Amino acid sequence: MSGPFYNRRTMATDRDDIERVRQATNIVELVEAVTTVKKQGRTFMAVCPFHQEKTPSMSLDAAQGLYHCFGCGAGGDIFKFVQETHGLRFPEALELLATRAGVTLHHDPAAAKRRGERETLTEAVQAALDFFHDRLKNSEEAGGVRSYVRGRGYDSDVVNRFKMGYAPTA
Ligand SMILES: [Zn+2]
(Lines give C-alpha, C1' and ligand atoms only; values in the text may rest on other atoms or scores of the structure.)
Protein backbone atom coordinates (compact mmCIF):
# COMPACT_ATOMS: atom_id res chain seq x y z
CA MET A 1 0.00 0.00 0.00
CA SER A 2 2.98 2.29 0.13
CA GLY A 3 3.82 2.49 -3.57
CA PRO A 4 2.26 5.33 -5.53
CA PHE A 5 0.82 7.09 -2.48
CA TYR A 6 4.21 7.28 -0.85
CA ASN A 7 5.74 8.70 -4.01
CA ARG A 8 3.07 11.25 -4.56
CA ARG A 9 3.38 12.60 -1.07
CA THR A 10 7.15 12.95 -1.04
CA MET A 11 7.53 14.37 -4.54
CA ALA A 12 7.73 18.14 -4.52
CA THR A 13 5.28 19.80 -6.82
CA ASP A 14 6.35 22.34 -9.42
CA ARG A 15 4.75 25.03 -7.29
CA ASP A 16 7.00 24.23 -4.34
CA ASP A 17 10.03 24.43 -6.59
CA ILE A 18 8.96 27.79 -7.93
CA GLU A 19 8.68 29.11 -4.39
CA ARG A 20 12.07 27.67 -3.45
CA VAL A 21 13.68 29.38 -6.43
CA ARG A 22 11.90 32.61 -5.50
CA GLN A 23 13.19 32.38 -1.91
CA ALA A 24 16.72 31.66 -3.08
CA THR A 25 16.88 34.53 -5.55
CA ASN A 26 17.83 38.07 -4.63
CA ILE A 27 16.10 40.35 -7.11
CA VAL A 28 18.65 43.13 -6.50
CA GLU A 29 21.52 40.89 -7.60
CA LEU A 30 19.48 39.65 -10.52
CA VAL A 31 18.76 43.16 -11.78
CA GLU A 32 22.32 44.30 -11.07
CA ALA A 33 23.52 41.72 -13.59
CA VAL A 34 21.84 43.62 -16.44
CA THR A 35 21.62 47.24 -15.32
CA THR A 36 22.75 49.83 -12.75
CA VAL A 37 21.16 49.58 -9.31
CA LYS A 38 21.41 52.32 -6.69
CA LYS A 39 20.46 52.10 -3.05
CA GLN A 40 18.28 55.04 -2.08
CA GLY A 41 17.58 54.97 1.62
CA ARG A 42 15.94 51.64 2.25
CA THR A 43 14.91 50.99 -1.32
CA PHE A 44 16.79 49.96 -4.42
CA MET A 45 16.32 51.88 -7.63
CA ALA A 46 17.45 50.52 -10.98
CA VAL A 47 17.95 52.07 -14.39
CA CYS A 48 15.05 50.47 -16.23
CA PRO A 49 16.20 48.03 -18.90
CA PHE A 50 12.81 48.24 -20.61
CA HIS A 51 12.87 51.89 -21.61
CA GLN A 52 15.51 54.54 -22.31
CA GLU A 53 16.47 56.47 -19.19
CA LYS A 54 19.45 57.83 -17.29
CA THR A 55 17.95 58.29 -13.83
CA PRO A 56 16.73 55.10 -12.21
CA SER A 57 12.97 54.89 -11.99
CA MET A 58 12.56 51.17 -11.44
CA SER A 59 12.05 50.31 -7.81
CA LEU A 60 13.01 46.91 -6.46
CA ASP A 61 11.24 45.24 -3.60
CA ALA A 62 13.90 42.91 -2.24
CA ALA A 63 11.59 41.37 0.36
CA GLN A 64 8.87 40.44 -2.13
CA GLY A 65 11.19 39.88 -5.07
CA LEU A 66 9.27 42.35 -7.23
CA TYR A 67 10.18 45.18 -9.58
CA HIS A 68 8.17 48.11 -10.82
CA CYS A 69 9.13 50.89 -13.19
CA PHE A 70 7.47 54.24 -12.59
CA GLY A 71 8.61 55.38 -16.02
CA CYS A 72 7.13 52.77 -18.34
CA GLY A 73 5.00 50.67 -16.02
CA ALA A 74 7.01 47.48 -16.48
CA GLY A 75 6.73 45.25 -13.45
CA GLY A 76 6.65 41.73 -12.16
CA ASP A 77 8.59 39.14 -10.26
CA ILE A 78 12.00 37.51 -10.77
CA PHE A 79 10.65 35.09 -13.38
CA LYS A 80 9.01 37.84 -15.41
CA PHE A 81 12.21 39.88 -15.22
CA VAL A 82 14.32 37.05 -16.63
CA GLN A 83 11.70 36.24 -19.26
CA GLU A 84 11.61 39.84 -20.43
CA THR A 85 15.34 40.52 -20.35
CA HIS A 86 16.39 37.18 -21.86
CA GLY A 87 13.46 36.60 -24.17
CA LEU A 88 12.53 33.31 -22.50
CA ARG A 89 9.33 31.51 -21.75
CA PHE A 90 8.42 30.80 -18.13
CA PRO A 91 9.76 27.20 -17.91
CA GLU A 92 13.10 28.34 -19.35
CA ALA A 93 13.32 31.28 -16.96
CA LEU A 94 12.53 28.92 -14.08
CA GLU A 95 15.23 26.52 -15.23
CA LEU A 96 17.78 29.32 -15.52
CA LEU A 97 16.99 30.78 -12.10
CA ALA A 98 16.94 27.34 -10.49
CA THR A 99 20.40 26.58 -11.85
CA ARG A 100 21.63 29.99 -10.72
CA ALA A 101 20.23 29.43 -7.22
CA GLY A 102 21.34 25.79 -7.01
CA VAL A 103 17.79 24.54 -6.67
CA THR A 104 16.99 21.14 -8.17
CA LEU A 105 13.69 21.15 -10.02
CA HIS A 106 11.35 18.22 -9.55
CA HIS A 107 9.48 17.67 -12.73
CA ASP A 108 6.05 16.40 -11.95
CA PRO A 109 5.46 13.39 -14.25
CA ALA A 110 1.79 13.23 -13.28
CA ALA A 111 1.24 16.79 -14.45
CA ALA A 112 3.16 16.14 -17.65
CA LYS A 113 1.05 13.04 -18.26
CA ARG A 114 -2.17 14.99 -17.73
CA ARG A 115 -0.97 17.60 -20.22
CA GLY A 116 -0.17 14.86 -22.73
CA GLU A 117 -3.57 13.25 -22.29
CA ARG A 118 -5.30 16.57 -22.74
CA GLU A 119 -3.44 17.16 -26.01
CA THR A 120 -4.33 13.69 -27.29
CA LEU A 121 -7.95 14.29 -26.41
CA THR A 122 -7.95 17.67 -28.16
CA GLU A 123 -6.52 16.03 -31.27
CA ALA A 124 -9.14 13.30 -31.17
CA VAL A 125 -11.97 15.82 -30.85
CA GLN A 126 -10.48 17.85 -33.68
CA ALA A 127 -10.25 14.76 -35.89
CA ALA A 128 -13.87 13.86 -35.10
CA LEU A 129 -15.00 17.42 -35.88
CA ASP A 130 -13.19 17.32 -39.22
CA PHE A 131 -14.66 13.94 -40.04
CA PHE A 132 -18.29 14.85 -39.30
CA HIS A 133 -17.88 18.21 -40.98
CA ASP A 134 -16.57 16.51 -44.10
CA ARG A 135 -19.45 14.01 -43.93
CA LEU A 136 -22.01 16.78 -43.84
CA LYS A 137 -20.44 18.57 -46.79
CA ASN A 138 -19.51 15.64 -49.00
CA SER A 139 -21.16 12.36 -48.11
CA GLU A 140 -23.95 11.06 -50.29
CA GLU A 141 -26.11 9.98 -47.39
CA ALA A 142 -26.03 13.48 -45.91
CA GLY A 143 -27.81 14.92 -48.94
CA GLY A 144 -31.10 15.18 -47.11
CA VAL A 145 -29.41 16.78 -44.13
CA ARG A 146 -27.73 19.31 -46.41
CA SER A 147 -31.06 20.40 -47.84
CA TYR A 148 -32.48 20.57 -44.34
CA VAL A 149 -29.60 22.79 -43.20
CA ARG A 150 -29.99 25.01 -46.26
CA GLY A 151 -33.73 25.11 -45.62
CA ARG A 152 -33.04 26.46 -42.15
CA GLY A 153 -31.13 29.30 -43.75
CA TYR A 154 -27.60 28.11 -42.96
CA ASP A 155 -25.41 28.66 -45.98
CA SER A 156 -21.97 27.09 -46.42
CA ASP A 157 -20.35 30.07 -44.70
CA VAL A 158 -22.20 29.28 -41.50
CA VAL A 159 -21.63 25.54 -41.90
CA ASN A 160 -17.89 26.16 -42.21
CA ARG A 161 -17.66 28.78 -39.49
CA PHE A 162 -19.32 26.56 -36.90
CA LYS A 163 -17.87 23.39 -38.35
CA MET A 164 -21.32 21.88 -38.42
CA GLY A 165 -21.19 18.16 -38.95
CA TYR A 166 -23.22 15.09 -39.75
CA ALA A 167 -22.76 11.87 -37.80
CA PRO A 168 -23.64 8.94 -40.07
CA THR A 169 -25.95 6.44 -38.42
CA ALA A 170 -24.16 3.14 -38.48
ZN1 LIG B 1 10.80 51.42 -17.50
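## The nonpolar core

In this predicted model, the largest nonpolar core is built from 20 residues. If you want to find its best-connected members, look at V31, A46, L60, I78 and L97, which have the most contacts inside it. Several elements chip in with two or more residues: the helices α3 (27-32), α4 and α5 (90-101), plus the strands β2 (43-46), β3 and β4. Helix α4 supplies the largest share, with four residues. As a bit of background, nonpolar side chains in soluble globular proteins tend to be buried together.

## A look around I78

Which residues does I78 touch once its neighbours within four places in sequence are set aside? The list runs R22, T25, I27, L30, G65 and L97. Among them, L97 is, like I78 itself, one of the core residues with the most contacts.

## The sheet

Now for the strands. There are five of them, lined up as β1-β2-β3-β4-β5 in an open sheet with antiparallel pairing. At the edges sit β1 (37-40) and β5 (75-77), each with a pairing partner on one side only. Going from one strand to the next, the twist averages 25°.

Zooming in on one pair, β3 (residues 58-61) runs antiparallel to β4 (residues 66-69), and four bridges join the two. Here L60 has Y67 in β4 as its bridge partner. L60 also turns up among the core residues with the most contacts.

## Helix against sheet

Which strands does helix α4 touch as it packs on the sheet? They are β4 and β5. This helix covers residues 78-86, and its direction makes about 115° with that of β5.

How values were computed: Residues are numbered from 1 along each chain as its sequence is written. This is a predicted model: local features need pLDDT of at least 70, side-chain atom pairs count only at pLDDT 80 or more; totals for chains, interfaces and linings use all residues. Two strands pair if DSSP finds at least two bridges between them. Axes are lines fitted to C-alpha atoms, for helices over the stretch in contact, and angles run from 0 to 180 degrees between N-to-C directions. Two residues are in contact if their C-beta atoms, placed from the backbone, lie within 7 Å. A nonpolar core is a set of buried Ala, Val, Leu, Ile, Met, Phe, Trp, Tyr and Cys residues joined through C-beta atoms within 7 Å. A residue is buried if 20 or more other C-beta atoms lie within 10 Å of its own, exposed if 12 or fewer, and partly exposed in between; C-beta atoms are placed from the backbone.
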